[in-house]
Amino acid sequence: MSISFASNLSLPSLEVPLFTKQEFDNRFNFELLDTTVENCCRSSMESPKAFYLFVQRYAHFNGVASSLVTRLASSIGLSRDIFRESNCEIHDEADRGLEVAAKVLEASIEEFSDDHHQGFSHRTLAQATMKAVGNYAGLSLQERNELGRIPDWFAQVLAEHAEVYQGKIGNLEALMKAMGFHAASEILADHEYTIIDKIVRGEKVDPNFGQYLKDINGKVDLDGKKASAWYWIGVHSSYKKKSVEEGHYLAALEALDLAVKYCGHSEAEAYKWAFSGFENFVKIQQTFFKELQKECFETLDSLAVSS
C-alpha cells in the first residue's frame with residue numbers, strides 16, 4: 001500500500017489555497033484506507049461483545065484527539081515569533097499565531113460542549129453510545145471494565161498520536177507536521193464516522209441492534225439525563241449527509257494556508273512537513289484499525305470456544 005507523497009512537489013500559488021481536499025485525495029489512496037476501517041467495523045458486528053470493544057476503542061482514540069487539538073492550538077498561539085505579518089513594522093503588533101490557532105481550535109468547540117444536545121461534551125456522548133452498546137450486549141460492569149483495559153499495542157498508538165499532535169512551541173517543523181497530522185485526523189474521521197453509520201444504520205448489518213435502539217427510543221440514562229445513544233456518530237458524519245467533520249477539516253486546511261502565509265519560511269519545505277504529518281497520522285490510523293480488528297477476532301474466537 002502506497003501512502004507517501006511525491007518528493008518533487010509542485011507548489012500552487014498562495015493566491016489560491018495551497019492545501020485542498022483534492023490535493024490530499026490525489027496523494028493518498030482513501031479507498032484503500034477506508035477498506036481497513038470497514039473491515040474492522042464489519043468484523044466487530046459479528047458479535048455484540050466485539051462491537052462494544054470496537055466502540056470503546058474508537059471512542060477512547062477520538063476522545064484523546066479532542067484534547068490534543070486544544071494543545072496544538074495553544075502551541076501555535078504561543079509561537080509568536082514564528083507566525084508573523086511580514087509587512088508590519090512594529091514587532092509587538094506583528095504576531096498572527098492566534099489567527100492560525102483559531103482555525104485549529106474550531107474542531108474542538110462542539111467537542112467540549114454541544115449546544116444541540118444539552119451541552120454534553122462529545123466524550124460524554126461517546127460514553128452514551130458505549131453504554132447503549134454494552135447494554136445491548138448484556139455485558140456486566142466487570143466485563144465492560146475488562147474490555148476497557150488498554151492493551152500494549154493501543155498504549156503505543158496513543159503515545160505516538162499524542163507526541164505528534166500537540167506540536168512544539170517555537171518549532172516550525174513540529175508545528176507544520178502537527179497541523180498536517182490534524183488535517184489528516186479530521187479528513188479521515190469524516191470517512192470513519194460515515195462508514196460506521198452506513199454499516200450500522202444504512203445496511204443494518206445487525207438488525208437486532210437497530211430494533212434495540214428503537215425499543216429504548218434512542219436514549220440512555222446518563223448523569224441523570226437522557227442522552228442520545230447514536231448522536232455521537234451521526235453528529236460527526238452520517239451515511240446520509242456530512243456534518244461537523246467536514247467543517248473541521250476545511251478549517252484545518254485553512255490553518256495550514258495561514259501558517260505558510262505567516263511563517264516566512266520556504267513554501268516547499270513547509271508543504272513537505274505538512275504532508276509528512278498527514279502521512280504519519282495515516283500510518284497510525286491504519287495501525288489502530290488493523291490491531292483493533294485482531295482484537296475483535298480474538299473476542300469472536302473466545303466466544304466460539306465458550307459456546
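Let's start with helix 6 and the residues it hides. In this predicted model, the buried residues of helix 6 are His122, Thr124, Leu125, Ala126, Ala128, Thr129, Met130, Ala132, Val133, Gly134 and Tyr136. Does the length of this helix make sense? What should its 16 residues, 122-137, span at 1.5 Å a residue? The expected span is 22 Å, and the end C-alpha atoms are 22 Å apart, so the two agree. Right after helix 6 comes glycine 138, with a positive phi near 70°.

Now step back to the other end, to serine 121. This residue sits in the loop between helix 5 (109-112) and helix 6. Is serine 121 buried or exposed? Its relative accessible area is 17%, and because buried means under 20%, serine 121 counts as buried. Its side chain makes a polar contact of 2.9 Å with the side chain of threonine 124, which is one of the buried residues of helix 6. Serine 121 also has glutamate 111 as a partner in space: they are 10 residues apart along the chain, with 5.4 Å between their C-alpha atoms.

On to the core. The largest nonpolar core has 99 residues, and Phe19, Phe83, Met176 and Met179 touch the most other members. Helix 9, residues 172-202, gives the most to this core, with 16 residues. Let's zoom in on phenylalanine 19. Leaving aside residues up to four places away in sequence, phenylalanine 19 touches Phe24, Leu253, Leu256, Asp257, Val260, Tyr271, Ala274 and Phe275.

Last, the charged pairs. Side chains of opposite charge can pair when their charged atoms come close. How many salt bridges are there? The count comes to 12. In one of them, glutamate 38 meets lysine 198 at 3.5 Å, N to O. Glutamate 38 lies in helix 2 (residues 30-44) and lysine 198 in helix 9, so this pair ties together parts that are 160 residues apart in sequence. Lysine 198 is partly exposed, at 27% relative accessibility. There is also a network of salt bridges that links Glu38, Arg42, Lys198 and Glu203.

Stay with helix 9 for one more pair. Aspartate 197 and arginine 201 form a salt bridge at 2.7 Å, N to O. Both lie in helix 9, four residues apart, about one turn of the helix. Why does that spacing matter? An α-helix has 3.6 residues a turn, so residues three or four places apart point the same way. Aspartate 197 is buried at 0% relative accessibility, while arginine 201 is partly exposed at 33%.

Definitions and conventions
Residues numbered from 1 in each chain as written. Predicted model: local features only at pLDDT ≥ 70, side-chain atom pairs only at ≥ 80, totals over all residues. Heavy atoms only, no water. Helix = DSSP H or I, 4+ residues; strand = E, 2+ residues; numbered from the N terminus. Expected span 1.5 Å × (residues − 1). Buried < 20%, exposed > 50% of the residue type's maximum accessible area, 1.4 Å probe, protein only. Core = buried A, V, L, I, M, F, W, Y, C linked by side-chain atoms within 4.5 Å. Contact = heavy atoms within 4.5 Å. Polar contact = N/O pair within 3.5 Å; in protein donor to acceptor, adjacent residues only side chain to side chain. Salt bridge = Lys/Arg side-chain N within 4 Å of Asp/Glu carboxyl O.
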